[in-house]
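Trainee: Let's go through the salt bridges here, with burial alongside. Show me the model.

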Amino acid sequence: RGADATPTPRGSAGKPPAQVSNTPGASTPRHSVSPTPTPTPTPTPTADGPITAHGEVDAHSTIYWEQNTLTVDVSQPLSAFTVELRIARTPGAQSTGTWLTGPPDDYTVTVTPVDGFIVYRWTLKPGRTVPAARQLFGAQFNHSTGKRDASKDTFLVETPVGGRTAAVRGGFTSGG
């Protein structure tokens, strides 16, 4: 057995030995899970100001129908808020609906084809407030038979905060 074959326990209270990494200057990994092989723009949540978001292809999607779900964690009440999901127009892609966990009457919802995408947009109406809580947004659509490639699907969440626009963007990971 070579010197590097000694097992290092994972999840122990102690720090892993410094020689765990073979890359000079590399830091200890922040996550203990194996990396996902799915090529997506953002496999982990992203954050800016009071918003954090994570996109996922719903595990109940089928070979004919898909739902992309965006989870947005809001850390303070917001009086302006826009969510946009861009679904790549793969063969047969056609919108079948939207949903959200907040009050539907608080948002203007549009679904439009734009430059090779189906764009789902939720815009908070004037005078309404998004509470500090987890918010979910779903885009549903049919597509040609087979496993659909969601690697070009993206999301964007924006809200004004402190004289600037906080913006969170990313892609959709496979649900499980």
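Trainee: Is aspartate 153 buried or exposed?
Mentor: Buried means under 20% relative accessible area, exposed over 50%, partly exposed in between (1.4 Å probe, protein chains only). Aspartate 153 has a relative accessible area of 0%. Therefore aspartate 153 is buried.

Mentor: A note on the source. This is a predicted model, where local features need pLDDT of at least 70, side-chain atom pairs count only at pLDDT 80 or more, and totals for chains, interfaces and linings use all residues. Residues are numbered from 1 along each chain as its sequence is written, and side-chain values use heavy atoms, with hydrogens and water left out.

Trainee: Which residue forms a salt bridge with aspartate 153?
Mentor: A salt bridge is a side-chain nitrogen of Lys or Arg within 4 Å of a carboxyl oxygen of Asp or Glu. For aspartate 153, the closest N and O atoms of the pair are 2.8 Å apart. The partner is buried too, at 8%. It is arginine 148.

Trainee: Which residues are linked with Arg148 in a network of salt bridges?
Mentor: Arg148 bridges to Asp153. The network also takes in a glutamate. The residues linked with Arg148 are Asp153 and Glu66.

Trainee: How far apart in sequence are the parts that glutamate 84 and arginine 121 tie together?
Mentor: Glutamate 84 forms a salt bridge with arginine 121, with closest N and O atoms 2.0 Å apart. Glutamate 84 lies in strand β4 (residues 82-88) and arginine 121 in strand β7 (residues 117-124). Strands (E, at least two residues) are DSSP runs, numbered from the N terminus. So the parts are apart by 37 residues.

Methods:
Helices (H or I, at least four residues) and strands (E, at least two) are DSSP runs, numbered from the N terminus.
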